[in-house]
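User: I would like to learn how to read a model of this kind feature by feature, with the general idea given before each case. Could we look at it together?

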Protein chains: 2
Amino acid sequence: MRQHPKFQSMTSDNNSAWVTAADVARAAGVSRSAVSRTFTTGASVSPATRDKVQRAAKALGYQVNILARSMNQSQSNLVGVVVKGFDDPFLQSLLGPITHHLALRSLAPLLMDASEPAKLANSLRHLLQYRVAGVILTSGKPPIELAKQYLRLRIPVAMINRAPDLKGVDVVNSDHFEGGALAARKLLSGGARNLVFLDAPTATFSARRRGEGFTASLAPMAQAGRITWRTVQTGAATYATGFAAAQTLFADPKQRPDGIFCVNDVLACGLVDGTRQLPNLHVPQACQIVGFDDIPMAGLSAFSLTTVHQDVDALARSAVNCLTERMLNPGMPARTLQIPVKLVVRSTSPD
Amino acid sequence: MRQHPKFQSMTSDNNSAWVTAADVARAAGVSRSAVSRTFTTGASVSPATRDKVQRAAKALGYQVNILARSMNQSQSNLVGVVVKGFDDPFLQSLLGPITHHLALRSLAPLLMDASEPAKLANSLRHLLQYRVAGVILTSGKPPIELAKQYLRLRIPVAMINRAPDLKGVDVVNSDHFEGGALAARKLLSGGARNLVFLDAPTATFSARRRGEGFTASLAPMAQAGRITWRTVQTGAATYATGFAAAQTLFADPKQRPDGIFCVNDVLACGLVDGTRQLPNLHVPQACQIVGFDDIPMAGLSAFSLTTVHQDVDALARSAVNCLTERMLNPGMPARTLQIPVKLVVRSTSPD
DNA sequence: GTGTTCATTGCACACGTGTGCAATCTGATT
DNA sequence: AATCAGATTGCACACGTGTGCAATGAACAC
């Protein structure tokens, strides 16, 4: 409820609760501009007035109104963070670093859920209303017409682990291909000769690259006839699916795999758990298992999974970097960054 | 970089990119007020003009500037969500529902990390700058002087699973006491006679209540000398700690517990895993284990943990409810809500 | 035809801030 | 002492929106 002008004098002294720069100025005996400049980095204020202002501000409990500041320069310091649901452990582990690196640049994350694809467009529209300074997409292909709008408005967009198919959008990816290759080489050096790539039907860019890296490293020996390998499609990439896969993978005694590369850790952990139920099947002696992501669960002694580690901190840092650099220089050509991965050897593979 | 007035006519036609209500008004041939009213629920606009405006808005890609709206009514529709780090699986599972229920009321979560206690005060100060419509605290005791400031500014604050020791702040808690009692009764009915409450040193309100409920339910039989029980303090409440606890708990063959209540699931899962390494110790035959929280990991077949389920959706919904009600009626007396818990029986207890 | 009620519309002000411009002040140099 | 350069300050405008108030117009009853 806005105050009518004629009543304003009655309420301006207190009550309205929110302390404004004008209040501080009055208390400190300076102009409102001085207050503004005190709280603006790089502005010209004498030490004396700055001191007076800060003293008064502290006494009154003044906080700069970021909304007003944002409107004035017609851009907020909010960054939209779009996630697909909150169930995926890997995306969860991305959230902390993103928040951290945004905070380092005094940006704040505005969380948006786009679990259903239809929601994504709405999320992006909502973010537009907040005049976000940028957007980090951890999933979902942005609707093309909205992407153009973002581009036209010069709002930086950065995507993590997504296909670099959108012009003008920075992409930060783990080196999924190399990760797949690492997994393949580890399995081979561990003695595996009948290999399986356990894949899920959601054919994401990351998953595809992992598979490509895996099979590329297998190709020479496969062509020489020294190993066999096949891809097994599961249901959704869940723990339960991985658990169930143990049954089917080892059902045929004549065709038992001795090395399995899972497209991600959730699937792999389920598989490890599932193999425990099977008689005479010791991991890693009878069969090695390698996962991907290195989510916290993979490190637990219940699974102790050998896996390909994604550097979530570097992913987050690079994405935020892309945003801030593009904020300063909107015309900058789009980049595609590769973040190195590394193999973490635990108990589901020898050594 | 703001445009100088004399150049404005050169740029106003396009370029500035952001479409304002004035642009829409011009295109639709109506006043700017009409545009504003079209996008304000409950305002008075004729169907004819509303239609013209919406058509023009769509054509120009107009999005209401929420920052400007917020400033005008001197309150944003951002809600601060303060979490302590992003590692705790239970808090992670709270994030989704909170976002969801906020979105239902067209509020957006502004994430703030307060992993170090010192950060908490800063987080709350930052939120003040955003003129947040409310704050949800999932951890950390708010500094008393800042709390007063929030109270004075009539900013609703809701806490989840915290001690209701702050006046004027709504608190939503799971019924930890009853949860502890449920665990005790389950263990007793399963035949346990030498009980242990596995606690962590972080003496949070939730943990204390769980312990109190547990011991209260044990008291009668303990006084009758029919059972024994003790509290065992571990290190930090982590998986590794729980894993290690298995060794020490069963070290003395003369004093082996046959029923253990863990203060949370992470600890319990570690313990379950740890007991697997011990010879001749079958869960649940030799020893039952009950956890608390029902985090996703507890349901995995690797642990299949009997545990006390917290209704995260109800917790989130209630917290958001408290906020919105208090936004409408700031003077409302503070409430303390109890959310029922329920026992989820899995494989670490009989039946 | 006249008077009355009510929905609709436009004007203008307010929200709280950053900042260009001109005026003023400070201190050093000639 | 006079001059000048540079630092500091205040004024006023702009950011984009919501809304009270008065004016306009339509619909309706007599």
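Analyst: Let us begin where the two chains meet: 41 residues from chain B and 41 residues from chain A take part in the contact, two residues being in contact if their C-beta atoms, placed from the backbone, lie within 7 Å. On the side of chain B that touches chain A, at least two residues each come from H5, helix H6 (89-104), strand S2 (108-113), helix H7 (117-129), helix H8 (144-152) and helix H11 (239-249) of chain B; helices (H or I, at least four residues) and strands (E, at least two) are DSSP runs, numbered from the N terminus. This is a predicted model, in which local features need pLDDT of at least 70, side-chain atom pairs count only at pLDDT 80 or more, and totals for chains, interfaces and linings use all residues. Residues are numbered from 1 along each chain as its sequence is written, while chains are lettered from A and ligands numbered from 1 in the order in which they are written.

User: What is the make-up by class of the side of chain B that touches chain A?

Analyst: That side has 21 nonpolar, 14 polar and 6 charged residues, where Ala, Val, Leu, Ile, Met, Phe, Trp, Tyr, Cys and Pro count as nonpolar, Asp, Glu, Lys and Arg as charged, and the others, Gly among them, as polar.

User: Which residues come nearest to DNA strand D?

Analyst: A residue is near a molecule or strand if its C-beta atom, placed from the backbone, lies within 6 Å of it. Of the 32 residues around DNA strand D, the nearest are Ser31(A), Thr49(A), Ala21(B), Ser36(B) and Asn65(B). Two or more residues of this surface are given by each of helix H3 (32-38), helix H4 (47-60) and helix H5 (66-72) of chain A, and by each of helix H1 (5-11), helix H3 (32-38) and helix H5 (66-72) of chain B. By class, the surface near DNA strand D has 12 nonpolar, 16 polar and 4 charged residues.

User: In what order do the 6 strands of the open sheet in chain B run?

Analyst: Strands of a sheet pair through backbone hydrogen bonds, either parallel or antiparallel. In chain B the order is S7-S6-S8-S9-S10-S12, with mixed pairing; two strands pair if DSSP finds at least two bridges between them. Strand S7 (228-233) and strand S12 (342-344) of chain B are the edge strands, each pairing on one side only. Strand S6 (residues 194-199) of chain B pairs with S7(B) in the parallel sense over 6 bridges, and Phe197(B) stands opposite Thr231(B) in S7(B).

User: Where should I look for unusual backbone geometry?

Analyst: Most residues other than glycine have a negative phi, and most peptide bonds are trans. The bond from Val283(A) to Pro284(A) is cis, with omega near 5°, and Pro284(A) sits in the loop between helix H12 (265-276) and strand S9 (288-293) of chain A. In chain B, the bond from Val283(B) to Pro284(B) is cis, with omega near 10°. Arg131(A), which is not glycine, has a positive phi near 50°, and its place is in the loop between helix H7 (117-129) and strand S3 (134-137) of chain A.

User: Why is Arg131(A) called buried?

Analyst: Arg131(A) is called buried because 22 other C-beta atoms lie within 10 Å; the term requires 20 or more such atoms, exposed means 12 or fewer, and partly exposed lies in between, with C-beta atoms placed from the backbone.
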